[in-house]
Amino acid sequence: MSAAAGLKAATVKHPDAMAPLIRILDELREMTRFAGRDDLGSRLSMVRARVSDPRVRLVVVGEPKNGMSTLVNSLVGASVSATNSDLSVPVIVEYGPEPTATLVRSVDGRTERQSVDPLDPGPAISGFGVIRAEFTQPSPLLADGVVVMDAPGARGADNTTWSMIAAADAVLYVGDAATELTVDQIAYLQRIQQICPTVICVLNKIDQFSHWSHTQQRNRELLDAAGLGFAVAPVSAELHRQAGLSGNYQRDIESGVPQLIDHLRDYVVARADSVALDAAVQDIRLVSDHLALTLRNEVESLRDPRRRDEITDQLVRARDNAEQLRQRTANWQVTLVDGSTELMADIEHDLRHRLRNLVRDAEAEIIKTDPARRWKEFGTDLDARICEAVEENFVMAHYRSVELSEQVASKFLADNRAAPLPDLRLDNPGEVLEPVQPLEPLESAKAGVTQQFLSGLRGSYGGVLMVGLATSLLGMSLVNWYSAGAGVLLGINALWDDRKNRKARRRAEAKVAVARLMDDVIFQVSKESRNRLRAMQRVLRDHFTDIATDVAKQADEALRLAEAAHHKYGDHSGERIAEIDVRLGKLRGLREQADSLTV
């Protein structure tokens, strides 16, 4: 089929038949703006887009793992929907003379289109940011003017699915031949019927369950009992796929897919005008009922004098509240900046205070004993106490940050949501202290036996020489009992003094090593603490900036609505009542016109 012939065949909705309906929809949309019902206006815009499209939009929905994707592939005659992947995106397939595949992505808030291989689009679809996949296929069903859309997500869980149903001319609900419809599924079908009245229930996988005919009969009974006169079509999309591969015509007929396609041509495509009219008129009736209720409630409020007094009081309160809110939230940034500065100073002071106490305790312990005896054990114990002190300091920073968040939040009248603070507490203080060098070893270790012997020898030599010279004046030899005794005494004294001096040097060296260690700890921990506190300040700033913006918008919107209500219900209430009465009469006329289109 040529592209021109395909385009001609695709025009299944006649513009002349849709023209009166489009006029009614446009007038209703204007009336929704008058009533302030933008939600109803959005629904009418979607209906107008649906009836203006000359093609028939067919949406396939159902429970996961029921073979929806396989059925979509069977209907269009190509593998366009993934059948073995948990990742699911909306798939839209329309007629084209050649197979093509285009992915619509969201990149940094922008929408981009990317052409991919139509024979193997799976890897690209699983990429980041894919919104939907669009295909063209030279399929006979698509050439008749049908656009097939495979809706993603589980039943009722995806807003995208409901948006596709609202834009559909017909819905295929795919069920499993294993079991009958549940209460939840019936309720789901009732909700679909309220949005799109043309629904066909497909009973898939009949090749796997021999009792499928009983399930089909039971589903018909359940649908009739619920007031849903939907057709129930038994099919096997997998059997249809296998028949296409083997060219077995008999198995293809047994699959039921050709009969389903014929049913779509006879009861959906051939009746495209009436199907579109029925769906649109149903939407018009629903919107008209909601509009009439809204306008009648407004008229009743306008005619009540007490209502006008309430509106005036509401305007005064709204103005007062907006002014109070602006005054109260004006200084939240000052509170945040001052509080953050004070918090950083307090945390820094607390850290130095804790580490200073550790230094004092360590020096006291060093003075009491000889550091060389258990220097390694002393270093291990000191590291543990440092970790504990740092952890307690960060815990204090966390809770003080929470208090600061609450102080800033108190500047907002109604919305004092707590900020999602980063966790300042430490699970493993050793990670923060990892760059810190360990406690230095003592260079002045305990003296060996040789050093002690030489120290004693130097002292004894002086004693022998000094006393020996004195006794030699008495005619005694240089080395005698007196000089030998003096040498022994002075040698012992020299050895004792040497030990005392070495211990004093070790203590002084130990104190210097502890001081250096604490300097490194303060440098490293202070840097990490400041970084985390600055991150906390940025989080609070961004969080409360968003809140302040939202609160200001809410205050301005409340004031705008109050002023609009005062203008509507106050001095000009009579004019508004007269205009609403005219609109209600016009609304009734539009509904009657819509009803006459389906007669």
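This text walks through the enclosed empty spaces in the structure above. The model is predicted.

Start with the general idea. Rolling a probe the size of a water molecule over the atoms shows where empty space is left. A search of the whole structure finds four cavities of 30 Å³ or more. Two of them are described here, the largest and the second largest.

Take the largest cavity. Its volume is about 70 Å³. Find its lining in the sequence: E365, I366, T369, D370, P371, R374, W375 and F378. Which elements give two or more residues to this lining? They are α15, covering 332–368, and α16, covering 375–409. Now look at the chemistry. Four residues of the lining are nonpolar, one is polar and three are charged.

Move on to the second largest cavity. Its volume is about 60 Å³. The residues around the second largest cavity are Y173, G175, L181, C201, V202, L203, N219 and V232. Here strands supply part of the lining. β7, at 170–176, gives at least two residues, and so does β8, at 199–204. Which element gives the largest share? It is β8, with three residues. How does this lining divide by class? Six residues are nonpolar, two are polar and none is charged.

Set the two linings side by side. The largest cavity has three charged residues in its lining, while the second largest has no charged residues. Helices α15 and α16 each give two or more residues to the first lining. Strands β7 and β8 each give at least two to the second. Trace both sets of residues in the structure to locate each cavity.

Conventions:
Residues numbered from 1 in each chain as written. Predicted model: local features only at pLDDT ≥ 70, side-chain atom pairs only at ≥ 80, totals over all residues. Heavy atoms only, no water. 1 Å grid on protein atoms, 1.4 Å probe; cavity = no way out; pocket = protein on both sides within 12 Å on 5 of 7 lines; lining within 4 Å. Points joined across faces, edges and corners; volume = space filled by probe spheres on them. Helix = DSSP H or I, 4+ residues; strand = E, 2+ residues; numbered from the N terminus. Nonpolar A, V, L, I, M, F, W, Y, C, P; charged D, E, K, R; others polar.
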